[in-house]
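Okay, thanks for coming, everyone. I'll walk you through one model today, so have the viewer open and follow along.

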Amino acid sequence: MPPLPRRRHPVPVLAFAAVAVGLVAALSGAPAGAGVAAGGPRYRDAHAPVDERVADLLRRMTLDEKIGQMTQIAVVKLQGDCGEKGGGELNERCLAAVLRDRAVGSVLSGGGSGPPVNTPRDWARMVDAVQKYAVEHSRLGVPVLYGVDAVHGHNNVLGATIFPHQIGLAATWDPELVRACAEAAARAVAATGVDWTFAPVADLARDRRWGRYYETFGEDPLLAGALAAAAVRGTENAAENAAKNTGGAKNVAATVKHFAGYSEPSNGHDRVPADVSLRYLQDTLLTPYRAAVEAGAKTVMVNSGALNGIPVTASRHLLTTVLRERWGFTGVTVSDWQDIRALWTTYKAAADYPHAAALAVDAGVDMAMEPYEAGEFADALRTAVRAGLVPGRRIDEAAGRVLRLKFTLGLFERPYVDAERANTEVLGAGRELARRAATASQVLLRNDKGVLPFGPAVRKIVVTGAHADDLAAQSGGWTVGWQGLPDGVRIPGTTVLEGIRQAAPKGTRVVHAPAPADAVTQARDADATVVVVGERPGAEGGADSPRPELPADQRALVRSLKETGRPVVVVVLAGRPLVLGDADGTEGLLMSWLPGGEGGRAVADVLFGTVGPSGRLPVSWPRRAGNEPLYYQQLPGTDAGAESRHDVAYDFGDGLSYTGYRVESLALDAPSVPAGADVGMTVRVRDTGPRDGEMIIPVYVSRPVGDVLSPPRRLVAFTKARLKAGETRSVRLTVPSKVLAVTPGDIDGAGPPRVEPGPYVFGAGARTAALEITGSPGEGARSWRKPVRP
């Protein structure tokens with residue numbers, strides 16, 4: 001979402017500011033849903049079925065109160081002078097205008113917005129104060145949903161552990177690790193009173209120019225879907241798991257975003273309209289969203305962009321036909337930043353705001369993220385309802401979904417948290433998990449002459465490069481500030497330089513040489529030089545890059561270091577693969593992504609061999625700039641030109657280890673299965689090297705012949721196996737039938753996907769196994785049949 005303006009110094013407000021700071025003492029009273037007297041409102045009965053509570057509350061609401069539940073506003077409108085620039089303490093006048101007079105149902109802290117003092121305790125006090133005002137001053141005592149973009153930890157809160165961004169977690173190929181990271185983030189979020197996190201991102205990384213590339217789980221729909229689903233489960237199970245240990249915690253809702261097709265802007269710039277085929281949309285782009293929805297996500301955020309000529313916020317096909325009717329989603333859909341207004345002001349899809357509100361709500365949007373002008377949206381939607389543009393039952397449906405989410409999260413019974421526990425529960429929490437995740441995400445791409453890991457013979461290490469001592473570069477965008485760590489702000493963590501210094505054995509000298517000339521001089525008698533390069537932090541449009549490549553000055557530094565003739569290891573801190581140019585060809589190349597606060601220790605763990613590198617690329621690494629979009633599932637064609645095919649420096653799934661692995665065999669359970677049946681298999685793998693390690697085992701499928709074009713290989717299953725040196729073991733994998741489905745038909749194909757009969761070839765490592773899927777081919781489908789021999 002777009003940024004909130006920088007906060008100025010706190011603005012003096014009414015005496016409510018002092019009250020807000022001391023609210024915790026007043027929060028011990030019984031919440032709205034506890035201890036209902038006989039004959040009280042049904043919606044306040046914590047033991048009543050949720051559907052009955054929703055229906056009872058809806059019956060008591062006015063049209064304006066229902067529309068209020070469908071509205072989300074930024075917290076800056078509750079602070080200071082109630083303006084868009086926000087900042088300062090909560091202002092009672094602002095709270096009254098939004099939460100009492102408009103009965104707004106949700107508040108969010110956009111990137112960089114929060115309390116004047118950024119500590120977990122102050123966050124909890126602020127959120128509790130907002131919640132308390134809503135409960136005590138709205139006519140029916142309805143609590144608010146409070147949302148944040150917790151995309152790599154509780155990243156808005158100073159002192160919270162900063163986890164790797166999703167692109168780094170994707171390199172782990174480890175759903176369980178992703179689930180654990182999401183759970184840790186949700187616990188931190190819950191400790192500060194927040195109950196809604198706008199994560200995970202289920203968009204696919206297909207164009208490196210796009211500024212949000214690093215927020216994805218990679219380019220492959222199966223991998224991205226599995227990891228997004230794991231993130232949903234971790235987020236929404238966090239409170240349940242915490243309750244077993246601490247006796248209670250606030251529930252948190254996950255958000256699948258940005259539904260759908262957001263990551264395919266036609267020119268690589270954020271929010272530019274996309275045009276894709278229905279087959280590509282259905283078989284590829286929608287896959288990870290569906291996996292995350294089926295994992296139980298309670299909310300979905302709508303794509304800000306337009307798809308095939310229709311703004312997605314106004315697409316009934318996507319928001320109702322696909323999401324609701326085909327997938328069975330029953331949760332809340334929320335627009336992104338000011339997107340309903342944009343149907344009128346930007347897209348010109350509506351003549352005025354009431355018609356824009358009608359378009360979005362009729363299409364399937366339940367809540368408008370209208371950060372600055374909740375009143376304007378409410379007036380527009382009310383006008384649309386009274387004009388007959390939106391039926392009353394649709395308002396009840398949307399408001400009812402929002403209320404159902406609040407009841408499900410337990411907000412009526414537990415609207416507040418203990419703010420005095422927030423610092424203890426957030427500060428430092430999950431640091432070892434973050435280190436483990438960052439270490440597992442490291443992808444070793446070059447290790448010529450066995451330069452890594454550094455051994456006893458390495459007595460002098462020179463550390464240089466623009467990002468060697470830079471926590472902001474390690475953390476990327478969405479870190480305290482929207483575009484990244486603000487100047488002068490320090491987060492807990494360890495830089496690469498600090499990590500190397502801490503990990504270096506006794507007798508090894510670590511020399512930091514930030515100046516290029518000094519670095520080259522020092523490198524001439526060094527046993528190894530580590531040069532840390534990459535890109536500056538950014539978010540959304542600010543991170544768009546027409547030519548994603550290493551900056552010229554960094555390339556020149558690496559080239560000069562190579563000319564010394566001494567071993568050089570390049571460590572890349574970036575949210576996407578960068579064309580390296582002259583910086584390529586060094587003895588070592590380690591892709592560290594945006595590893596967060598513990599990234600320095602993670603890099604050092606790999607460089608010194610404390611942990612063997614196990615990460616594998618979740619995306620393709622280009623050989624040259626300009627070949628975008630780029631992904632390994634490029635379809636075959638009569639291509640012309642040297643770089644028209646999938647021409648890469650490092651392929652999807654690449655990565656080296658300090659040991660060796662081999663797939664010994666691949667055996668299918670049966671040589672043929674009927675269409676619609678799952679495919680089971682056993683893969684036998686071996687650690688052929690001198691040390692233990694974790695082996696990522698991907699299984700791909702190809703089709704020798706088929707009516708619909710298929711890529712040379714497509715990921716259909718994967719797992720990780722922990723192997724001891726020399727160990728051989730068998731692992732079981734299952735390919736669900738739906739993974740093999742494609743949309744049949746001609747160019748206009750838009751029917752439901754199905755598994756086409758015919759031959760399939762599965763591959764793992766160098767091993768392959770053929771399978772025949774039996775059944776009746778679709779009408780007109782003949783090419784799968786065996787060749788006719790003369």
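Let's start at strand β3, residues 145–148. Leu145 and Gly147 point one way from the strand, Tyr146 and Val148 point the other way, and all of them are buried. That's the textbook pattern: in a regular strand the side chains alternate between the two faces of the sheet. Keep in mind that we're looking at a predicted model here.

So who sits beside β3? Strand β2, residues 106–109, pairs with β3 in the parallel sense, over four bridges. If you want a spot to click on, take Ser106, which stands opposite Leu145 in β3.

Follow the chain out of β2 and you get to Val117, in the loop between β2 and α5, the helix at 120–137. Is Val117 buried or exposed, or something in between? It counts as partly exposed, because its relative accessibility is 48% and the cut-off for exposed is over 50%. For a sense of scale, pick Val117 and Glu563: they're 446 residues apart along the chain, and their C-alpha atoms are separated by 50 Å.

Next up, cysteines. How many disulfides does a search of the whole structure find? One. The partners are Cys82 and Cys94, with their sulfur atoms 1.9 Å apart. The link is left-handed, with -80° about the S-S bond. Cys82 lies in the loop between β1 (71–74) and α4 (92–100), while Cys94 is in helix α4 itself, so the pair ties together parts that are twelve residues apart in sequence. Both ends are covered: Cys82 is buried at a relative accessible area of 13%, and Cys94 is buried at 2%. While we're on cysteines, Cys181 also counts as buried, at 5% relative accessibility.

Now, holes. Searching the whole structure turns up five cavities of 30 Å³ or more. The largest has a volume of about 190 Å³. It's lined by 19 residues, and the closest to its centre are Ala150, Val151, Ala182, Ala185 and Ala231. Which elements give two or more residues to that lining? They are α6 (166–170), α7 (175–191) and α8 (221–246), and α7 gives the most, with five residues. In terms of chemistry, the lining has 14 nonpolar residues, five polar ones and no charged ones.

The second largest cavity has a volume of about 90 Å³. Its lining includes Met61, Glu65, Gln69, Leu99 and Arg139. By class, that's seven nonpolar, two polar and two charged residues for the whole lining.

Let's hop over to helix α2, residues 50–60. Its buried residues are Arg53, Val54, Asp56, Leu57 and Leu58. What do they pack against? Against α3 (63–69) and α14 (392–409).

A few backbone oddities, for those of you who like to check geometry. The peptide bond from Lys257 to His258 is cis, with omega near 0°, and His258 lies in strand β5, residues 255–259. There's another cis bond from Phe259 to Ala260, again with omega near 0°. Ala260 is in the loop between β5 and α9 (278–294).

Then there are the positive phi values. Trp173 isn't a glycine, yet its phi is positive at about 50°. It's in the loop between α6 and α7, and Trp173 counts as buried, with a relative accessibility of 1%. Asn308 has a positive phi too, near 55°. Asn308 lies in the loop between β7 (306–307) and β8 (310–311), and at 30% relative accessibility it counts as partly exposed.

Last stop, towards higher residue numbers. Strand β23, residues 714–723, is mostly covered, with eight of its ten residues buried. β23 pairs with β22 (693–702) in the antiparallel sense, over nine bridges. One pair to look at there is Glu694 with its bridge partner in β23, Arg722.

And finally Ser737, in the loop between β24 (728–735) and β25 (758–764). Ser737 counts as buried, at 10% relative accessibility. What does Ser737 touch, leaving out residues up to four places away in sequence? Gly676, Ala677, Asp678 and Val755.

That's my tour, over to you.

Definitions and conventions
Residues numbered from 1 in each chain as written. Predicted model: local features only at pLDDT ≥ 70, side-chain atom pairs only at ≥ 80, totals over all residues. Heavy atoms only, no water. Buried < 20%, exposed > 50% of the residue type's maximum accessible area, 1.4 Å probe, protein only. Contact = heavy atoms within 4.5 Å. Disulfide = S-S within 2.5 Å. 1 Å grid on protein atoms, 1.4 Å probe; cavity = no way out; pocket = protein on both sides within 12 Å on 5 of 7 lines; lining within 4 Å. Points joined across faces, edges and corners; volume = space filled by probe spheres on them. Nonpolar A, V, L, I, M, F, W, Y, C, P; charged D, E, K, R; others polar. Pairing = 2+ DSSP bridges.
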